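This report describes selected features of a molecular model for a reader who has not met it before. The sequence and the structure are shown first, and the description follows.

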Amino acid sequence: MARRRDYSYISPCIKWTLFFFNFIFWLFGMLIIAIGLYGVVFTAQDLHGLKSVQVAYIVITDLSGVMVALGSIIFIVSFAGCVGALRENLCLLKLYFWCLTIFLIAELLFAIACIIFPWKSREIIESVLSKRLIKDYRESQNTQNFVDFLQKEFQCCGITADGYLDWNSNEYFNCSESSPSAEKCGVPPSCCIKNKNMTHMDIMCGYGMQSKKPHEASEIIHTGSCVTSIIQFLESNLYWAAGVIFGITLFQMYVTHQARSLMDQISLQRSRWYRTSGEQLGTHQCLMNKASIYYQ
């Protein structure tokens, strides 16, 4: 049986499913950008008086700057998928498909590296986080709030295996004799152990803690590394963590497959249009030739 003239190879289900998912992520990307820009403005105001290069570096590497960058990537990629699906635009769909493919490959390589070189991967992560979060703790309110949140929620102090001694790399908590800081050789208040009967946290509870031995300091503050605490938390909730990671990966693979399917359907539909147009043009030319012969 011959196909109907109005038959389309493009599946409405795939098209509108892809559009809906990317529209949601497009809005989500805009929300992250808005929150990040809000933080960037206040971070820049806090850094008033510093050189422009210093301000730019701190803002870009700050949590709010990272949010703006992440939100921009989500916004651009989801916009390409959303409009590409709606308008059946192959260029935008190809951009969307290859971006998702690159993200999946990068995630896979990162996972393989963490499995094959677990200690080296952890060392690199700790080094990067320690440099950004510990050393620049007082430089940005966003960074300070983030570190305090981590240390309170995971009951830890510091990033690397040195634990609370990491704070010696911060100029305000440094133990050097030349340090003029009142917090010299101390740790932030968020490291302190909060008793159940305490209504207010003593902001001076971390003073001088780095000069104490671990068993002495552990009576007042949390001495363990935040990276270690997070890993222990994930291990204790291994099935939930694995389920979330698997679900995200499966969703990415599904959306990537849908994008590839829609691209193939659009290409097939276009070839059908070109073939039909060619046949109509050939028929029209044949009739014109017959007409010219008749009038001759």
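How many aromatic pairs does the structure hold? In this predicted model, the number of aromatic pairs is 14. One of them is formed by Phe 97 and Trp 98, whose ring centres lie 5.2 Å apart with 75 degrees between the planes, an edge-to-face arrangement. Phe 97 has a relative accessible area of 10% and is therefore buried, the limit being under 20%. The face of Phe 97 also has a charged neighbour: Arg 260 lies over it, at 5.3 Å from the ring centre. Elsewhere in the sequence, a single aromatic cluster is formed by Trp 16, Phe 19, Phe 23, Trp 26, Phe 75 and Phe 79.

**Disulfides**

A disulfide is a covalent bond between the sulfur atoms of two cysteines. The structure holds four disulfides. When the bonded cysteines are counted along the chain, their pairing follows the pattern 1-8, 2-5, 3-4, 6-7. Three of these links are set out below.

| Disulfide | S to S distance | Torsion about the S-S bond |
|---|---|---|
| Cys 157 and Cys 191 | 2.1 Å | about 80 degrees |
| Cys 175 and Cys 185 | 2.1 Å | about 90 degrees |
| Cys 192 and Cys 205 | 1.7 Å | 100 degrees |

The torsion of about 80 degrees makes the disulfide of Cys 157 and Cys 191 right-handed. This pair links distant parts of the chain, 34 residues apart, with both cysteines in the loop between α6 (141–153) and α7 (214–217). Cys 157 has a relative accessible area of 0% and is therefore buried; Cys 191, also at 0%, counts as buried.

For Cys 175 and Cys 185, the torsion of about 90 degrees likewise gives a right-handed disulfide. These two cysteines lie ten residues apart, both in the loop between α6 and α7. Are they buried or partly exposed? Cys 175 is partly exposed because its relative accessible area is 27%, which is not under the 20% limit for burial. Cys 185 is buried, with a value of 11%.

The link of Cys 192 and Cys 205 is right-handed as well, with 100 degrees about the S-S bond. Its two ends, 13 residues apart, are again placed in the loop between α6 and α7. Cys 192 is buried at a relative accessible area of 5%, and Cys 205 counts as buried at 14%. Another cysteine, Cys 82, counts as buried at 7% relative accessibility.

**Nonpolar cores**

In soluble globular proteins, nonpolar side chains tend to be buried together. Which residues have the most contacts inside the largest nonpolar core? This core has 19 residues, and those with the most contacts inside it are Cys 157, Ile 159, Tyr 164, Trp 167, Val 187, Cys 191 and Ile 221. At least two residues of this core come from each of α5 (118–134) and α8 (226–236). The bonded cysteines Cys 157 and Cys 191 are thus named among its most connected members.

Val 187 can be followed further. Leaving aside neighbours within four places in sequence, Val 187 is in contact with Cys 157, Tyr 164, Trp 167, Phe 173, Gly 206, Met 209, Gln 210 and Ile 221. Apart from the largest core lies another, of 17 residues, which includes Ala 85, Leu 90, Val 255 and Leu 262.

Note on methods: Residues numbered from 1 in each chain as written. Predicted model: local features only at pLDDT ≥ 70, side-chain atom pairs only at ≥ 80, totals over all residues. Heavy atoms only, no water. Disulfide = S-S within 2.5 Å. Helix = DSSP H or I, 4+ residues; strand = E, 2+ residues; numbered from the N terminus. Buried < 20%, exposed > 50% of the residue type's maximum accessible area, 1.4 Å probe, protein only. Core = buried A, V, L, I, M, F, W, Y, C linked by side-chain atoms within 4.5 Å. Contact = heavy atoms within 4.5 Å. Phe/Tyr/Trp six-rings, centres within 6.5 Å; stacked < 30°, edge-to-face > 60°. Lys NZ or Arg CZ within 6 Å of the ring centre and 35° of its normal.
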